[in-house]
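User: Good morning. I should like to go through a structure with you, one topic at a time. May I show it here?
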Amino acid sequence: MYQVRFHGRGGQGVVTSAELLSVAAFLDGRHAQAFPSFGSERTGAPVVAFCRIDDREIRAREPIARPDFVLVADPTLLHQVAVFDGLAGDGHVLINSGRDPAHLGLDELEQRLPRGHVATVPASELAREHLGRPLPNAAMLGGLAAISPFVSLESVCAAIRDRFPGEMGERNSAAARAAHERLERAAEPARA
Amino acid sequence: MREGSRDPETPKSGEQRVKLYQTGTHVVGNRLLPPEQRTVQARMDRSNTLTSGHRACQGCGEALGARYALDAAMRAADGNLVAANATGCLEVFSTPFPESSWQLPWIHSLFGNAPAVASGMAAGLKALGRSDTRVVGQGGDGGTVDIGFACLSGMFERNDDVLFICYDNEAYMNTGVQRSGATPPAARTATTKPLGEHAGNVFGKGKNAPLIAMAHEIPYVATATVAELRDLESKVERATRMRGARYIHVFVPCPLGWGAASRDTIRIARLVKESGLFPVFEAVDGEVTSVSKIRRAVPVVEYLKLQRRYAHLFGENPREDVIEAIQAIADRNIRRFDLLATAEEGADLPGEATDAADLPKSQPGIAGRTEQESNLMRLLAETHRGSQ
Amino acid sequence: MLSQIEGSKAVAEAVARCRPQVIGAYPISPQTHIVEHLSDLVRLEELRDCEYMMVESEFAAMSACIGASAVGARAYTATASQGLLYMVEALYNASGLGLPIVMTVANRAIGAPINIWNDHSDSMSQRDSGWIQLYAESNQEALDLHIQAFRIAEELALPVMVCMDGFILTHAFEEVDLPGAEQVDAFLPRYEPQQLLDPGDPVTIGAMVGPEAFTEVKYLMHAKQMLALDLVPRTATEFAEHFGRHSGGLVRGYRAEDAETIVVALGSVLGTVEDIVDELRDEGVSIGALGIKCFRPYPLDEVREALAGAKRIVVLEKAFAVGAGGIVGQNVRLALSGQAAQVFDVVAGLGGRPITRDSLRALLADVRADRLETGRLHFLDLDTDRVERELARMRAGERPGPHAENMIRDLGIVAARSH
């Protein structure tokens with residue numbers, strides 16, 4: 001079972017991100033389950049959403065306490081909310097930021113995780129570029145697809161287009177592709 | 001008003017003009033009228049929707065009002081009518097298991113939900129393609145203006161295809177005469193006894209359901225009394241033929257709860273209108289379109305005196321201040337609704353000559369003398385004495 | 001068709017395929033997405049010949065369903081929590097009149113203190129309202145149960161409540177198999193009302209009944225519910241024949257046949273419980289689970305049979321009778337008369353507190369090691385310190401003020417927790 005936890009703020013599309021990831025995994029032929037941290041969160045309040053992916057039926061329904069992957073859609077949460085609680089020793093982190101992880105005060109986390117497992121992507125910037133609005137969720141998912149083997153970029157884009165038909169879907173897909181490309185490029189030297 | 005009941009008076013060419021007082025509620029059978037203009041009740045084929053054998057009290061205004069209203073609705077709907085009834089006297093006296101006085105499909109659900117049940121019926125019939133079946137909801141003042149009010153307002157607001165009829169006897173009679181939101185000032189009920197300085201129900205409280213209904217700008221709102229049953233019939237028929245949310249508020253005296261003689265039900269209903277205390281009018285799309293005029297305003301005392309629920313205003317320590325305040329309410333209604341007829345309008349109208357002449361002006365407390373006292377009335381009387 | 005969709009949408013789609021003719025809609029979390037989606041389906045004319053009534057309260061929603069059902073229309077509504085309580089008077093009326101209304105309850109806690117999250121205190125409070133109560137374990141089952149519910153309701157002329165955990169199921173995206181409209185049509189016949197307000201044949205419905213017959217009328221209500229003990233499993237079997245999967249029924253055991261310890265639960269927590277059963281079985285522990293799918297009528301014989309061989313029974317429930325104890329627990333004990341099993345009543349998941357695998361494993365370890373007392377009510381993950389502090393304040397004669405505020409103060413943090 002692969003478990004992803006999404007952190008963000010109300011209005012950023014965090015819950016939608018988790019749902020889209022589950023649809024993408026479903027399109028890839030896997031079982032998936034997405035759910036929000038159920039609440040009456042208002043715009044701007046910290047929000048958490050979850051997605052489980054597995055090759056067999058998923059029966060557990062508790063919130064994800066030990067994620068394999070943590071996405072942070074708003075870097076201002078990094079030092080307010082325990083976003084990395086329970087993160088697996090070989091887990092991944094993707095943060096919406098144009099800065100290097102080292103500049104975000106995450107040295108400790110970088111030391112704890114394998115090299116290259118803490119990544120950033122300027123998702124809001126990419127969104128502004130492609131959508132005209134700083135809604136980072138599509139770009140974050142594109143970035144996740146570059147790092148995680150549990151979901152493909154094609155399925156992420158298909159899920160986005162399914163949810164947002166027409167031009168909106170195309171633009172969001174473009175943002176996802178752009179983020180995917182950046183992270184793949186960034187990963188290559190590390191792999192080499 | 002009188003759009004409906006004026007019709008019979010309009011002479012056809014070559015016919016003699018028949019005056020209202022010749023066809024009004026004093027006249028049995030309307031034999032002076034051509035058959036098609038006679039009242040629903042005068043017809044052999046009336047549906048007897050609320051048929052005989054029910055257990056209403058002698059002189060029950062609600063039973064009378066419901067019979068006329070539903071027969072008229074049945075005529076207008078060509079017998080294709082279903083009804084939802086709120087809990088209350090009407091429900092209890094008409095359906096003691098296993099008997100039922102209802103000769104139409106009838107459902108009783110709860111006290112506070114009759115308008116919503118009726119809405120659901122109308123919606124169901126529409127979905128089933130049976131909108132030719134018309135829906136009536138009905139209840140007393142408690143079920144309408146108090147506990148059922150949210151459902152009523154929702155039904156109005158959505159303009160659901162329901163005619164709702166409120167039979168207003170101005171208190172919770174089914175539970176033993178407690179104050180409702182429709183209880184008038186100074187009236188004695190089991191919860192507004194004239195004890196100490198309290199002269200019955202408080203002033204300045206209570207709600208005017210017809211005006212609130214009008215504020216919803218529904219297609220049709222009307223008031224009526226059981227004194228003018230032809231008027232009631234014509235309003236119900238008119239409302240039944242319309243679509244959307246419609247509301248008729250009928251004033252129905254309750255001999256038991258008001259401490260009135262059974263034989264005075266019609267008289268009291270006539271006096272409430274003639275005094276101006278209960279304006280009788282019609283409103284279409286939120287605007288008053290016609291008013292039932294008064295030939296000469298009767299002093300409210302004449303109305304109050306017939307009912308023991310106001311006895312504490314008379315007696316040894318008369319409360320003229322309270323009577324004046326009630327008179328002020330009537331006067332305000334008369335101004336507000338322009339109830340007084342001009343001399344010309346008045347010629348046709350019932351007035352003192354027909355209605356008030358036989359009032360026993362010199363006999364306060366007439367109600368109890370000719371009436372066999374019920375337990376409740378005795379109770380009311382005893383409590384009253386005890387307070388003096 | 002397999003789809004990855006939200007539970008609420010899955011239920012709305014299933015309800016639409018059942019072709020309701022009147023929907024009474026009133027918003028309350030976490031049920032809102034269901035009626036929102038049904039509104040879309042009506043406006044898009046994917047659901048035709050259906051009146052979507054935007055009523056002013058849950059009381060009106062149920063009342064409108066009563067009226068609609070009485071004129072022969074198939075009626076549906078959905079609610080939760082306070083909304084269910086607000087319609088209570090009409091609930092009893094619908095069951096008393098024998099009107100086959102189907103309602104989704106998106107299970108949510110009841111205030112005060114106000115709480116929008118999941119537990120079972122809403123539907124459990126209405127267990128004796130005369131409605132049939134079915135509990136869904138997953139979104140697939142929730143969807144399937146709605147299709148079965150209309151059939152059960154209309155065959156018996158009794159209303160049916162389909163209970164699904166609020167948020168946990170209603171807001172979860174997961175895979176469901178949505179049946180085709182024609183498949184549902186083949187399974188669910190047109191609504192043939194057993195009583196009808198028809199001007200062609202006038203009847204009086206809802207007349208007053210005095211002491212001379214009230215007992216008999218109520219007896220019939222009970223007798224009809226007991227008939228559901230046959231109809232519910234039969235419907236599940238026929239459903240399986242039509243749709244190729246098993247959903248619903250009265251009870252469902254999971255590796256329970258030879259189990260020494262059996263966990264009894266209702267609703268979505270069964271998934272987590274089954275995962276733990278598998279883990280513990282791998283470790284050699286003799287454990288199983290029993291899901292009660294139909295809580296009303298109560299399947300006494302089936303529960304008794306399923307628990308017959310168990311030595312320890314852990315009843316895990318998301319509600320309790322304040323001042324008395326477990327609700328499901330009391331019902332389970334009823335089925336165990338004469339059986340020498342230990343029963344542990346454990347209240348868990350109140351007001352949305354997650355029932356975690358870790359906590360459940362710890363609980364079951366305590367049960368197996370005889371560290372848990374029987375005969376008293378246990379609260380999973382109860383913060384005993386906080387409760388004790390508040391009790392001490394009361395004992396000290398302080399005027400404690402609102403308990404809820406004190407508890408949250410003691411907690412130190414109000415929001416911003418990751419889970």
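User: Among contacts in chain B between residues at least 6 apart in sequence, what share joins residues at least 24 apart?
Analyst: The share is 71%. Please keep in mind that this is a predicted model.

User: How many helices and strands does chain B have?
Analyst: Chain B has 17 helices and 8 strands. Of its 388 residues, 56% count as buried.

User: What is the average pLDDT of chain B?
Analyst: The average for chain B is 86, and 80% of the residues score at least 70. Over residues 1–9 of chain B, however, the pLDDT is below 50. That stretch nevertheless has 28 contacts in the model beyond near neighbours in sequence. Residues 351–388 of chain B also stay under 50, and for them the model has 52 contacts beyond four places in sequence.

User: Let us turn to the contacts between chains. Which chains have the most contacts between them?
Analyst: Of the 2 pairs of chains that touch, chains B and C have the most contacts. Chain A and chain B have no contact with each other, and their closest C-alpha atoms lie 27 Å apart.

User: How many residues does each of chains B and C give to their contact?
Analyst: Chain C gives 38 residues and chain B gives 38 residues. On the side of chain C, the elements that supply two or more residues are β3 (51–54), α3 (58–70), α5 (88–97) and β9 (204–205). The largest share, 9 residues, comes from α3(C). By type, that side of chain C comprises 24 nonpolar, 9 polar and 5 charged residues.

User: In which sense do β2 of chain B and β9(C) pair?
Analyst: Strand β2 of chain B, residues 106–108, pairs with β9(C) in the parallel sense over 2 bridges. In one of these strands, β9(C), residue C:I205 is the bridge partner of B:I107.

User: And where is B:S153 found?
Analyst: B:S153 lies in helix α7 of chain B, residues 149–157.

User: Is B:S153 buried or exposed?
Analyst: B:S153 is partly exposed, because 17 other C-beta atoms lie within 10 Å, and a buried residue would need 20 or more, an exposed one 12 or fewer. Apart from neighbours within four places in sequence, B:S153 is in contact with B:H216 and C:E56. The C-alpha atoms of B:S153 and B:P115 are separated by 8.6 Å, although these residues are 38 residues apart along the chain.

User: Now the other contact, please. How many residues do chains A and C give?
Analyst: Chain A gives 26 residues and chain C gives 23 residues. On the side of chain A, two or more residues come from each of α1 (14–27), β2 (31–36) and β3 (46–54). The largest share of that side, 6 residues, comes from β2(A). That side of chain A divides into 15 nonpolar, 6 polar and 5 charged residues.

User: What joins β2(A) to chain C?
Analyst: Two strands meet there: β2(A) and β8 of chain C, residues 173–177, run antiparallel and are joined by 2 bridges. The bridge partner of A:Q33 is C:E174, in β8(C).

User: Which sheet do these strands belong to?
Analyst: They belong to an open sheet of 8 strands with mixed pairing, in the order β6(A)-β5(A)-β4(A)-β1(A)-β3(A)-β2(A)-β8(C)-β1(C).

User: Which strands stand at the edges?
Analyst: The edges are β6 (118–121) of chain A and β1 (2–6) of chain C; each has a single partner strand, so one side of each is left without a neighbour in the sheet. The twist averages 25° from one strand to the next. At the edge in chain A, β5 (residues 92–96) and β6(A) pair in the parallel sense over 4 bridges, and A:V93 has A:V118 as its bridge partner in β6(A). Helix α1 of chain C, residues 7–17, packs on the sheet and touches β1 and β8 of chain C. The direction of this helix makes about 120° with that of β1(C).

User: One last topic: at what angle do α11 and α12 of chain C cross?
Analyst: Helix α11 (residues 300–307) and helix α12 (residues 327–335) of chain C cross at roughly 75°, and their axes come within 8 Å. The two helices are therefore roughly perpendicular.

User: Which residues meet there?
Analyst: From α11(C), C:L300, C:V303, C:R304 and C:L307 meet C:V332, C:L334 and C:A335 of α12(C). This contact comprises 6 nonpolar residues, no polar ones and 1 charged one.

Note on methods. Residues are numbered from 1 along each chain as its sequence is written. Chains are lettered from A and ligands numbered from 1 in the order in which they are written. This is a predicted model: local features need pLDDT of at least 70, side-chain atom pairs count only at pLDDT 80 or more; totals for chains, interfaces and linings use all residues. Two residues are in contact if their C-beta atoms, placed from the backbone, lie within 7 Å. Ala, Val, Leu, Ile, Met, Phe, Trp, Tyr, Cys and Pro count as nonpolar, Asp, Glu, Lys and Arg as charged, and the others, Gly among them, as polar. Two strands pair if DSSP finds at least two bridges between them. Axes are lines fitted to C-alpha atoms, for helices over the stretch in contact, and angles run from 0 to 180 degrees between N-to-C directions. Angles under 35 degrees count as roughly parallel, over 145 as roughly antiparallel, 65 to 115 as roughly perpendicular and the rest as oblique. pLDDT is the predictor's confidence in each residue, from 0 to 100.
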